[in-house]
Protein chains: 2
Amino acid sequence: MTAKNKITVKRNAQPKEKPATDQLAFGTVFTDHMFVMDYTEGTGWHDARIVPYEPFMLDPAAIVLHYGQTVFEGLKAYVTDDKEVVLFRPDENMKRLNRSNERLCMPNFDEELMLDALKELVSLDKEWIPDREGTSLYIRPFIFATQPYLGVAPSKTYRLMIILSPVGAYYKEGMNPVKIAVESEFVRAAVGGTGSAKTAGNYAGAMKAQEVAEAAGYSQVLWLDAKEHKYIEEVGAMNVFFKINGEVITPSLNGSILEGITRKSVIELLQSWGFPVTERKVSIQEIFDANAAGTLEEAFGTGTAAVISPMGELSWGDEKCEINGNQIGELSLKLYETITGIQTGRVEDPFNWVVKVD
Amino acid sequence: MTAKNKITVKRNAQPKEKPATDQLAFGTVFTDHMFVMDYTEGTGWHDARIVPYEPFMLDPAAIVLHYGQTVFEGLKAYVTDDKEVVLFRPDENMKRLNRSNERLCMPNFDEELMLDALKELVSLDKEWIPDREGTSLYIRPFIFATQPYLGVAPSKTYRLMIILSPVGAYYKEGMNPVKIAVESEFVRAAVGGTGSAKTAGNYAGAMKAQEVAEAAGYSQVLWLDAKEHKYIEEVGAMNVFFKINGEVITPSLNGSILEGITRKSVIELLQSWGFPVTERKVSIQEIFDANAAGTLEEAFGTGTAAVISPMGELSWGDEKCEINGNQIGELSLKLYETITGIQTGRVEDPFNWVVKVD
């Protein structure tokens, strides 16, 4: 770390009251501190600092408000059974954030510095990490364009922030398979677009489909490809896996699918168990055919929030299929318990995925 | 207008120095005032106010920074030769902004109130409107999600702002045909996505292609469809027209193309002149074939900034075509002079497109 990159710390003199760990939702409460760093063309990233969490001043003409030049990441800190504070594969998030930067014409940052910043911030606010089963501290690094300019062009100035939010258990009443609507009208991303980057526009564009699906009684939508409306891409904001006739398959990374870190972990775990995993194109017709033939054994989404989210029912136009009798699959459960076990230190970590904060 | 919607005005006690009208760029300088209005779920839009232009406070967790829930418009105020201040078809912009709101799951606003707000703000800052040939006051209404929440869901609170920027002539050294690269890798928008809405993500995603094209010596990219990379969609951030064998053709509004107001005005003008205009699918191959056959007479982009932007050269992979000897076409020039003439009061306005501010 260069002198320029040294992280200064200004402690919050008025720490907030922490919420009860049994009443935590997702992403509504924030801790006492945040990390901030600024970028100026010519100077590079500068003024890395930890300061009290608070609103900041933004010019009404800031590029992020008009042209959405912004990228983000999401990861979690956990308290292990041994009371250690750990992160799960944070290096993967930092690499992906820089890949997103590249796609959005935004400046890369030093991943080592960012890992230091993550650890220092989490350590400072570690009293905020809830330790109830399934809870965690959600970490949101994000970078956005701040130049006041209405021309459509990459900004010459940026701000990078990391904020922290204690979050409740995703499965408050135990894991439950969800009902999914296959989306036939709206499209999340096209090859050649921004689908593989973690950037704002992908999420804004997805809200309408989610709204329609929820109104019809579904939890999430299953996204199909933009070209043929035929091949499966993601489910909600998660990657998706199917177990058919003993083989696990997942859509290959084609440029419009997010390179999920839980996705990658699931593939690596399955391979270490000697389980066949195939990354390839998967059509929605194939899934319905497999179900009709009785060979569709499990289906689940993967993501940082849920880790594993079993799908119990798929609805596609007039067709419906119930998966595994709407029960959690054996492999889904094993993956969930292994990954959350590694995250909380209850299960051995043969891959060195877990990084200690202190 | 209800009492709730009454616009309060707080004048800027420290007006800024106005830039010299011969040194104006685009979107870098802002006037003394801005319009602001807030939305709260349950209450609706409230606190419509004109206040001094200045940065505002935003929570680091505001949805706009993470999930890009934001829409905008762009239009211009002009000083006519009779020293009247006018707007060009502002009702169309307000309608489109509400259509964008709908796609992005954002709350509609009262278009009458917004037109009043536009006029009152422009009137207050009318000394900022440059009157040099080709200059104007650019008006940027925009709405963004302000709720501090990291869940991916429509915000429960929004802010609407209108800011003003005096802008220089688009064609400082006279109108010139530009070199365009046909984009074969990146995609602007897919049918089922957000391409027909004026929302941030469309612009963030387009920056990379523009960067690559500029580095190769081109002014803009010509976007092809996401499905087949075959049909023409837009050029840069403009709609596009071709004149082939006496007929004007433009890509039909297919859901991924922005419904440009200049596009609409061009079509209406041409029809009033008895000129055949066809809205249909236009393949890039057709354009190159027409050029080879000697029937491609003109090609131009249309948008608020340039009004008409003639294309002089198209590059598509290894193929190039020069259009109309790299000269401005007769019809392009007539459209430009008519529309800018109507905007500045030099040409009769048979359509009542122009709206007086005072």
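Helices (H or I, at least four residues) and strands (E, at least two) are DSSP runs, numbered from the N terminus. The model is predicted: local features need pLDDT of at least 70, side-chain atom pairs count only at pLDDT 80 or more, and totals for chains, interfaces and linings use all residues. Residues are numbered from 1 along each chain as its sequence is written, chains are lettered from A and ligands numbered from 1 in the order in which they are written, and side-chain values use heavy atoms, with hydrogens and water left out.

**Exercise 1. Place A:Asp59 and trace what its side chain reaches.**

Step 1. Find the element. A:Asp59 sits in the loop between β4 (56-58) and α1 (63-67) of chain A.

Step 2. Judge burial. Buried means under 20% relative accessible area, exposed over 50%, and partly exposed in between (1.4 Å probe, protein chains only). A:Asp59 has 18% relative accessibility, so A:Asp59 counts as buried.

Step 3. List the contacts. Contact means heavy atoms within 4.5 Å. Not counting residues up to four places away in sequence, A:Asp59 touches A:Leu65 and A:Pro148, along with B:Tyr53, B:Pro55 and B:Phe56.

Step 4. Look for polar contacts. A polar contact is a pair of N or O atoms within 3.5 Å; within protein, one must be able to donate a hydrogen and the other to accept it, and residues adjacent in sequence count only if both atoms are side-chain atoms. The side chain of A:Asp59 reaches the backbone nitrogen of A:Ala61 at 2.9 Å. The side chains of A:Asp59 and B:Tyr53 are joined by a polar contact of 2.4 Å.

**Exercise 2. Find the side-chain partner of B:Lys208 in chain A.**

Step 1. Locate the residue. B:Lys208 is in helix α4 (residues 200-215) of chain B.

Step 2. Check accessibility. The relative accessible area of B:Lys208 is 13%, so B:Lys208 is buried.

Step 3. Gather the neighbours. Beyond four places in sequence, B:Lys208 touches A:Glu102, A:Arg103, A:Cys105 and B:Phe186.

Step 4. Name the partner. The side chain of B:Lys208 makes a polar contact of 3.1 Å with the side chain of A:Glu102.

**Exercise 3. Describe how α2(A) and α3(A) cross.**

Step 1. Take the geometry. Axes are lines fitted to C-alpha atoms, for helices over the stretch in contact, and angles run from 0 to 180 degrees between N-to-C directions. The axes of α2 (residues 90-103) and α3 (residues 111-124) of chain A come within 10 Å and cross at roughly 130 degrees.

Step 2. Classify the angle. Angles under 35 degrees count as roughly parallel, over 145 as roughly antiparallel, 65 to 115 as roughly perpendicular and the rest as oblique. That makes α2(A) oblique to α3(A).

Step 3. List the residues. α2(A) supplies A:Pro90, A:Asp91, A:Met94, A:Lys95, A:Leu97 and A:Asn98, and α3(A) supplies A:Glu111, A:Met114, A:Leu115 and A:Leu118.

Step 4. Sort by class. Ala, Val, Leu, Ile, Met, Phe, Trp, Tyr, Cys and Pro count as nonpolar, Asp, Glu, Lys and Arg as charged, and the others, Gly among them, as polar. The contact of α2(A) with α3(A) has six nonpolar, one polar and three charged residues.

**Exercise 4. Repeat the analysis for α5(B) and α7(B).**

Step 1. The axes of α5 (residues 261-272) and α7 (residues 330-344) of chain B come within 11 Å and cross at roughly 110 degrees.

Step 2. That makes α5(B) roughly perpendicular to α7(B).

Step 3. B:Thr262, B:Val266, B:Leu269 and B:Leu270 of α5(B) meet B:Leu331, B:Leu335, B:Thr338 and B:Ile339 of α7(B).

Step 4. By class, the contact of α5(B) with α7(B) has six nonpolar, two polar and no charged residues.

**Exercise 5. Work out the setting of B:Asn12.**

Step 1. B:Asn12 is in the loop between β1 (8-9) and β2 (33-40) of chain B.

Step 2. Its relative accessibility is 17%, so B:Asn12 counts as buried.

Step 3. Outside four places in sequence, B:Asn12 is in contact with B:Asp32, B:His33, B:Pro52 and B:Tyr53.

Step 4. The side chain of B:Asn12 reaches two backbone atoms: the nitrogen of B:Gln14 at 2.8 Å, and the oxygen of B:Asp32 at 2.9 Å.
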